[in-house]
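Reader: Please take a close look at the nonpolar core of this protein chain. Which residues build it, and what surrounds it?

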Amino acid sequence: MVHLSRAFERQVGNALDVNSTDLSAMEHLIQEGSLTPGELARRLDISTAATTLVVDRLVALGHAQRNPHVSDRRKVVVVPAPESIARAFHELHPVIGGVAAVTDELSDDDRLVIEAFLDRVVGVYQSALGLPG
């Protein structure tokens, strides 16, 4: 399953002409609407210098733009381009729609079993990371 997810991620990245880090940055921007480069660096867990390169690539490709920060004129925010958001959702739609269709077919009992299983799996990950459960 993980290899299929990564293959699909590469396919979406190829369709948008971005690498995996750029795609991750786009995901954060699409979810948040806009972020400062520093916020984006923290979310991507990369240096601010590396984030500058990511933002430069996204801007050059038309996936994002730099705008002045609303309340701090020393800062800029990176904003996703509406066309790129639409393109990303177009690429993601077959999987999102397909998973939604599979989910709709589940009985209530099946949903409860799957939910319980996933909660336990999350607990395993939290435990392995030393996080509170």
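Author: Helices and strands here are DSSP runs, at least four residues for a helix and at least two for a strand, numbered from the N terminus. On that basis the chain reads α-α-α-α-β-β-α-α along the sequence. That is six helices and two strands. The model is predicted.

Now the core. The largest nonpolar core has 16 residues. Leu16, Val18, Ala25, Leu29, Leu40 and Leu58 have the most contacts inside it. Four helices give two or more residues each: α1 (2-16), α2 (20-32), α3 (37-44) and α4 (48-60). α2 gives the most, with four residues.

Take leucine 29, one of the residues with the most contacts inside the core. Set aside its neighbours within four places in sequence. Leucine 29 then touches Ser34, Leu35, Leu58, Ala64, Val78 and Pro80, with contact meaning heavy atoms within 4.5 Å. Among these partners, Leu58 is also on the list of core residues with the most contacts.

Next, the setting. Buried residues make up 21% of the 133 residues in the chain. The radius of gyration is 18 Å, while a compact globule of 133 residues would have one near 14 Å. The C-alpha trace spans about 55 × 35 × 30 Å along its principal axes. Of the contacts between residues at least 6 apart in sequence, 45% join residues at least 24 apart.

Last, the surface. The chain exposes about 9,400 Å², and carbon and sulfur atoms supply 57% of that area. There are 12 positive and 18 negative charges, and their mean positions lie 11 Å apart.

Definitions and conventions
Residues numbered from 1 in each chain as written. Predicted model: local features only at pLDDT ≥ 70, side-chain atom pairs only at ≥ 80, totals over all residues. Heavy atoms only, no water. Rg over C-alpha atoms; globule rule 2.2 N^0.38 Å. Buried < 20%, exposed > 50% of the residue type's maximum accessible area, 1.4 Å probe, protein only. Areas by Shrake-Rupley, 256 points an atom, 1.4 Å probe, with all protein chains shown as cover. Lys, Arg positive; Asp, Glu negative; His and termini not counted. Charge placed at Lys NZ, Arg CZ, Asp CG, Glu CD. Core = buried A, V, L, I, M, F, W, Y, C linked by side-chain atoms within 4.5 Å.
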